[in-house]
Amino acid sequence: MCKSDQLKEYTSEEVSKHTSEDDCWMIIGNENNGGPKVYDVSKYLDDHPGGAEVMLDVSGQNADEFFEDIGHSAEARAELKKYLIGTYKMSEEELEKVRIAAEKRANQTGGSSVMIIMVALVAIIYAYTQGYF
Ligand code: HEM
């Protein structure tokens, strides 16, 4: 059994209750790095190089975008792991957003493969008309 199977699953309703200095939770993670997870960062607030305030501002919420936008180092990501308490159960609305984003990406990839085939075809026709074959 993998570790995440044993972790408790939290909803946004539960996470949103932990927004104080002594009890500060947040959601960090996305589909590119194992999915959103819940962290209890209460003990890290005073040690955070970016300050406690920015962390408290996003307490009880999904802080993934903020965490990624700063471009946190590998050390920061290793530190983060220490505070993991559970996985995050996305709402239907959030799941729908992820589905739409994944579909968009799939369509873009589909579009670029068609382009590659077109370019290859043009190259073959050109080579043929120039007498390379
Ligand atoms: C438990 C979660 C977090 C950990 C372990 C963490 C860790 C760190 C570490 C180690 C640094 C020093 C630079 C680096 O090594 O990347 C840093 C800087 C910083 N972090 Fe975090 N961070 C966390 C969450 C957040 C969140 C949620 C925000 C924003 C809402 C944030 C904002 C910042 C800022 C503004 C800096 C300063 C960047 C600079 O030096 O210009 N951090 N963090």
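## Iron coordination

In this predicted model, the iron atom of the ligand has the protein donors His48 (NE2) and His72 (NE2), lying 2.0 to 2.1 Å from it; donors are N, O and S atoms within 2.8 Å of the metal (3.2 Å for Na, K and Ca), and water is not among the atoms, so sites may look incomplete. The six donor atoms around the iron subtend angles of 86 to 178°, which makes the arrangement octahedral (six donors, opposite ones over 155 degrees apart and all others between 65 and 115).

His48 lies in the loop between strand E4 (37–40) and H3, and His72 in the loop between H4 and H5, so the pair ties together parts that are 24 residues apart in sequence. Helices (H or I, at least four residues) and strands (E, at least two) are DSSP runs, numbered from the N terminus.

## Ligand surroundings

Of the 18 residues around the ligand, Tyr44, His48, Met55, His72 and Ser73 come nearest (a residue counts if one of its heavy atoms lies within 4 Å). An N or O atom in the Ser73 side chain is 2.5 Å from an oxygen atom of the ligand.

## Basis of the model

Local features need pLDDT of at least 70, and side-chain atom pairs count only at pLDDT 80 or more, while totals for chains, interfaces and linings use all residues. Residues are numbered from 1 along each chain as its sequence is written, and side-chain values use heavy atoms, with hydrogens and water left out.

Methods. Polar contact = N/O pair within 3.5 Å; in protein donor to acceptor, adjacent residues only side chain to side chain. Tetrahedral: all angles 85-135°; square planar, octahedral: opposite > 155°, others 65-115°.
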